Amino acid sequence: MAIADMSDRTIEELISLAGRTAVVTGGGRGIGYAIARRFVEAGAHVIVADIDRERASEAVHRLETDRAVAADVDVADRRSVAPWRI
């Protein structure tokens with residue numbers, strides 16, 4: 001049984017996260033930002049959480065979407081995370 005080659009497909013074609021929300025910690029730069037970008041591309045709403053609010057805000061600006069918001073969160077501090085309980 002052959003496996004179809006899907007390497008030329010975009011992430012939007014492979015998976016849709018429309019209507020879903022993702023929280024990406026460390027989303028202000030590097031791998032976290034790349035993950036946030038991919039979630040947005042897949043249709044998700046994204047909370048870009050970073051210990052540095054300005055860095056998170058800049059990342060949201062670079063994402064160029066109304067489906068992303070910035071949050072200053074230090075996951076090592078319970079008081080910082082508590083307001084985000086869902």
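**Notebook: helix packing and the sheet**

I began with the helix pair and noted that α2 and α3 cross in a right-handed sense, a crossing being right-handed if the near helix is turned clockwise from the far one by less than a right angle, and left-handed if anticlockwise. The model is predicted, so I kept in mind that local features need pLDDT of at least 70 and side-chain atom pairs pLDDT 80 or more, while totals for chains, interfaces and linings use all residues. Residues are numbered from 1 along each chain as its sequence is written, and side-chain values use heavy atoms, with hydrogens and water left out.

I looked up the geometry of this pair next: α2 (residues 30-41) and α3 (residues 53-63) pack at about 40°, with their axes 11 Å apart. Axes here are lines fitted to C-alpha atoms, for helices over the stretch in contact, and angles run from 0 to 180 degrees between N-to-C directions. The two helices are therefore oblique to each other, the class left over once angles under 35 degrees are called roughly parallel, over 145 roughly antiparallel and 65 to 115 roughly perpendicular.

I then listed the contacts (heavy atoms within 4.5 Å): Tyr-33, Ala-36, Arg-37 and Val-40 of α2 meet Ala-59, Arg-62 and Leu-63 of α3. By class this contact holds five nonpolar, no polar and two charged residues, where Tyr, Ala, Val and Leu are among those counted as nonpolar and Arg among the charged.

For the whole chain I recorded four helices and three strands, in the succession α-β-α-β-α-β-α from the N terminus. These are DSSP runs, helices being H or I of at least four residues and strands E of at least two.

I turned to the sheet, which is open, has three strands in the order β1-β2-β3, and is paired in parallel; two strands pair if DSSP finds at least two bridges between them. β1 (21-25) and β3 (68-72) stand at the edges with a single partner strand each, so one side of each lacks a neighbour in the sheet. Neighbouring strands are turned by 20° against each other on average, direction ignored.

I found five bridges joining β1 to the parallel strand β2 (residues 45-50), with Val-23 opposite Ile-47 in β2. Helix α2 packs on the sheet, touching β1 and β2, and its direction makes about 170° with that of β1, whereas α3 lies across β2 and β3 and runs at about 170° to β3.

Last, I checked salt bridges (a side-chain nitrogen of Lys or Arg within 4 Å of a carboxyl oxygen of Asp or Glu) and noted five in the structure. One of them joins the side chains of Glu-41 and Arg-38, at 2.9 Å from N to O.
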